[in-house]
Amino acid sequence: MNFKMYECDFGFKYKGLNYDFDHVDSLVIEDPETTKIIRGANATNKLGLIYKEGVKEPKTMTVTIIGMSAALYNVLLEAYENEERLDAYCISRIDGSSKMATDAVLSQQPMQLSVDESAESMNVTLAFVTFNLKENHKS
């Protein structure tokens with residue numbers, strides 16, 4: 001299953017209510033957790049020892065939306081200022097496959113960061129950070 005922007009619904013759940021994003025420009029996930037192997041400098045072992053790095057750092061789901069209503073801004077600002085948890089999602093309309101950032105917090109205040117005459121100035125970047133980010137494939 002490959003996720004395609006034009007086949008997905010995006011949004012978040014907060015205090016039991018779902019809020020869908022009407023105009024999503026992109027979704028980017030950053031996952032600092034990696035699995036590595038190491039061995040002694042004498043190089044006698046061909047398998048090595050397995051360990052993980054980056055487990056102390058949260059995963060980030062960054063969603064860039066175009067245009068943000070005052071109502072949506074107020075909901076996101078409340079969640080940000082009160083450091084409340086929410087669930088961000090990307091769900092395929094084709095088969096229900098999903099990318100879910102559960103129990104996430106907004107890492108930055110939601111706002112339009114530039115004002116000019118370009119279409120990009122309407123972008124608002126929302127960074128949801130969590131230790132519980134999952135991808136689920138249904139087909």
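## An exposed strand residue

At 53% relative accessibility, Asn 18 counts as exposed, and this residue of the predicted model is found in strand 2, which covers residues 17–20. Computed along the sequence, Asn 18 and Tyr 89 are 71 residues apart, while in space their C-alpha atoms are 10.0 Å apart.

A second pair can be set beside this one. Leu 47 and Lys 59 are 12 residues apart along the chain, and their C-alpha atoms are separated by 29 Å. Leu 47 has its place in the loop between strand 4 (34–38) and strand 5, and with a relative accessible area of 70% Leu 47 is exposed.

## Salt bridges between parts of the chain

How many salt bridges does the structure hold? The count is 7 salt bridges, and several of them are described here one by one. In one of them Arg 93 pairs with Asp 9, and the closest N and O atoms of the two are 2.8 Å apart. This pair links distant parts of the chain, since Arg 93 belongs to the loop between strand 7 (86–92) and strand 8, whereas Asp 9 belongs to strand 1 (residues 8–14), 84 residues apart. Arg 93 counts as partly exposed at 46% relative accessibility, and Asp 9 is likewise partly exposed, with a relative accessible area of 35%.

Another salt bridge brings together the side chains of Lys 36 and Glu 53, at 3.3 Å from N to O. Lys 36 lies in strand 4 and Glu 53 in strand 5, so this pair ties together parts that are 17 residues apart in sequence. Lys 36 is partly exposed, with a relative accessible area of 34%, and Glu 53 counts as partly exposed at 33% relative accessibility.

The side chains of Glu 135 and Lys 99 also meet in a salt bridge, with a distance of 2.2 Å from N to O. Because Glu 135 lies in strand 10 (residues 132–136) and Lys 99 in strand 8, the pair ties together parts that are 36 residues apart in sequence. Glu 135 counts as partly exposed at 44% relative accessibility, whereas Lys 99, at 14%, counts as buried. In addition, Asp 31, Glu 33, Lys 52 and Lys 59 are joined into one network by salt bridges that share partners.

## Two cysteines without a bond

Why is there no bond between the sulfur atoms of Cys 8 and Cys 90? The cysteine sulfur closest to that of Cys 8 is in Cys 90, at 3.8 Å, which is too far for a bond, because a disulfide needs a pair of cysteine sulfur atoms within 2.5 Å. Seen from the other side, the closest cysteine sulfur to that of Cys 90 is in Cys 8, again at 3.8 Å and too far for a bond. By this rule the count of disulfides comes to 0.

Cys 8 is buried, with a relative accessible area of 6%, and Cys 90 counts as buried at 3% relative accessibility.

## Patches on the surface

Two patches, one charged and one nonpolar, are described here. The negative surface patch is formed by Asp 25, Asp 116, Glu 117 and Glu 120. Of these residues, Glu 117 lies in the loop between strand 8 (98–106) and strand 9 (123–130), and at 87% relative accessibility Glu 117 counts as exposed.

The nonpolar patch on the surface consists of Ile 38, Leu 49 and Tyr 51, which together have about 290 Å² of accessible area. Tyr 51 lies in strand 5, which spans residues 49–53, and this tyrosine counts as partly exposed, at 30% relative accessibility.

## Positive phi angles in two loops

Lys 15 is not a glycine, and yet Lys 15 has a positive phi of about 50 degrees. The place of Lys 15 is in the loop between strand 1 and strand 2, and at 56% relative accessibility Lys 15 counts as exposed.

Glu 83, which is also a residue other than glycine, has a positive phi near 50 degrees. Glu 83 is found in the loop between helix 1 (70–81) and strand 7, and with a relative accessible area of 68% Glu 83 is exposed.

Key
Residues are numbered from 1 along each chain as its sequence is written. This is a predicted model: local features need pLDDT of at least 70, side-chain atom pairs count only at pLDDT 80 or more; totals for chains, interfaces and linings use all residues. Side-chain values use heavy atoms; hydrogens and water are left out. Patches are made of residues with over 30% relative accessible area and no salt bridge: like charges are joined within 9 Å, nonpolar side chains (Val, Leu, Ile, Met, Phe, Trp, Tyr) within 5 Å. Accessible areas come from the Shrake-Rupley method with a 1.4 Å probe; for residues, only the protein chains shown count as cover. A salt bridge is a side-chain nitrogen of Lys or Arg within 4 Å of a carboxyl oxygen of Asp or Glu. Lys and Arg count as positive and Asp and Glu as negative; His and the chain ends are not counted. The place of a charge is taken as NZ of Lys, CZ of Arg, CG of Asp or CD of Glu. Helices (H or I, at least four residues) and strands (E, at least two) are DSSP runs, numbered from the N terminus. Buried means under 20% relative accessible area, exposed over 50%, partly exposed in between (1.4 Å probe, protein chains only).
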